[in-house]
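Please open the structure in a viewer and keep the sequence panel visible. The tour below proceeds by selections, each followed by a description of what is found there.

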Amino acid sequence: MENLKYLCSRIKDLREFSGYTAKEFALKLNLTEAEYLEYEGGKKDFSIGLFYSIAHALMLEPGVLLSGKEANITTATVVYNGKGKEVERAEGYSFVSLNSDFADSRFQPMLVTIKAGGTPELVKHAGHEFNYVVKGSLRIVIGEKKEFYLKEGDSIYFDASQPHAQIAMSDEAKFLTIIEAKL
């Protein structure tokens, strides 16, 4: 959770530096000011899609929010096992960026870990999303009536502008997600 506090603090600092009030910035993200302030204050769990929307609204590469430094690699970037930039979004939900050092990336790959027991909020963001289950099993909810059950080796590609959530059906589930970067 310490990483989340740091991330929320960076977002607030960058928003203020960019000259946006909380209300103006909330409008850019299609949120109410109260909702936005809950996210910025670390009181509400923000989705990966919202994280990338915030980066886009600030005209920054998502890696800048994670690392505090500008991505500068343009040929190739390698993330060795266990060495990616990790963010714990909420208790039992974390992700590791797999390309935070690559400049002007067209998509954002992340390794997401979810523990069973949470009640995730349906989220939506621009673009498409791909999920590939690496460990355990997931229930993916898309829209109001569609549910998909995936186990290790299964994948799903979907329109992320539809409300969606991933829920661990095993004690712990890990999946690779790839989201369009220009949200």
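## The whole chain

Begin with the entire chain in a cartoon representation: it has five helices and nine strands. The model is a predicted one. Colour the chain from the N terminus onwards, and the elements appear in the order α-α-α-α-α-β-β-β-β-β-β-β-β-β.

Next, switch on the surface. The accessible surface of the chain amounts to about 10000 Å², and carbon and sulfur atoms account for 51% of it. Of the 183 residues, 44% count as buried. Where contacts link residues at least 6 apart in sequence, 64% of them join residues at least 24 apart.

## Helix α4 and the nonpolar core

Select residues 48–57, which form helix α4. Is this helix mostly covered or mostly exposed? Helix α4 is mostly covered, with nine of its ten residues buried. Among these buried residues are Ile 48, Leu 50, Phe 51, Tyr 52 and Ile 54. Continue just past the helix to Met 59, where phi is positive, at about 55°.

Now consider the largest nonpolar core, which has 37 residues. Its members with the most contacts inside the core are Leu 29, Tyr 36, Ile 48, Ile 54 and Leu 65. Which element supplies the largest share of this core? The largest share comes from α4, with seven residues.

Centre the view on Ile 54 and display its surroundings. Leaving out residues up to four places away in sequence, Ile 54 touches Ile 11, Phe 25, Leu 29 and Leu 65.

## Arg 15 in helix α1

Select Arg 15, which is found in helix α1 (residues 2–17). Is Arg 15 buried or exposed? Arg 15 counts as buried because its relative accessibility is 5%, and the cut-off for burial is under 20%.

Display the side chains around Arg 15. The side chain of Arg 15 makes a polar contact with that of Glu 40, at 2.8 Å. Apart from neighbours within four places in sequence, the residues in contact with Arg 15 include Tyr 20, Thr 21, Phe 25, Tyr 36 and Leu 58.

## Asn 30 in a loop

Move to the loop between α2 (22–28) and α3 (33–40), and select Asn 30 there. Asn 30 is not a glycine, yet its phi is positive, at about 60°. Asn 30 counts as exposed because its relative accessibility is 71%, and the cut-off for exposure is over 50%.

## Strands β3, β4, β7 and β9

Select β9 (residues 172–180) together with β3: the two run antiparallel and are joined by nine bridges. One pair to display is Gln 108 with its bridge partner in β9, Ile 179.

Add β4 to the selection. How many bridges pair β4 with β9? There are six, and the pairing is antiparallel. Val 133 stands opposite Phe 175 of β9.

Strand β7 is the next addition: five bridges join β4 to β7, and these strands also run antiparallel. Here Glu 129 has Phe 158 in β7 as its bridge partner. Show the side chains along β7 (residues 155–159), which alternate between two faces. Ile 156 and Phe 158 point to one face and are buried, whereas Ser 155, Tyr 157 and Asp 159 point to the other and are not.

## The three-stranded open sheet

Select β6, β5 and β8, which make up an open sheet in the order β6-β5-β8 with antiparallel pairing. The edge strands are β6 (146–151) and β8 (164–168), each of which pairs on one side only. From one strand to the next, the twist averages 20°. Strand β5 (residues 137–142) is joined to β6 by six bridges, and Leu 138 stands opposite Leu 150 in β6.

## Pro 120

For the final stop, select Pro 120, in the loop between β3 (107–115) and β4 (128–135). Its relative accessible area is 35%, so Pro 120 is partly exposed. Which residues does Pro 120 touch, leaving aside those up to four places away in sequence? They are Ala 165, Gln 166 and Ile 167.

Lastly, draw a distance from the C-alpha of Pro 120 to that of Asp 45. The two are 75 residues apart in sequence and 8.8 Å apart in space.

Terms used:
Residues numbered from 1 in each chain as written. Predicted model: local features only at pLDDT ≥ 70, side-chain atom pairs only at ≥ 80, totals over all residues. Heavy atoms only, no water. Helix = DSSP H or I, 4+ residues; strand = E, 2+ residues; numbered from the N terminus. Buried < 20%, exposed > 50% of the residue type's maximum accessible area, 1.4 Å probe, protein only. Contact = heavy atoms within 4.5 Å. Areas by Shrake-Rupley, 256 points an atom, 1.4 Å probe, with all protein chains shown as cover. Polar contact = N/O pair within 3.5 Å; in protein donor to acceptor, adjacent residues only side chain to side chain. Core = buried A, V, L, I, M, F, W, Y, C linked by side-chain atoms within 4.5 Å. Pairing = 2+ DSSP bridges. Axes fitted to C-alpha atoms, helices over the stretch in contact; angles between N-to-C directions.
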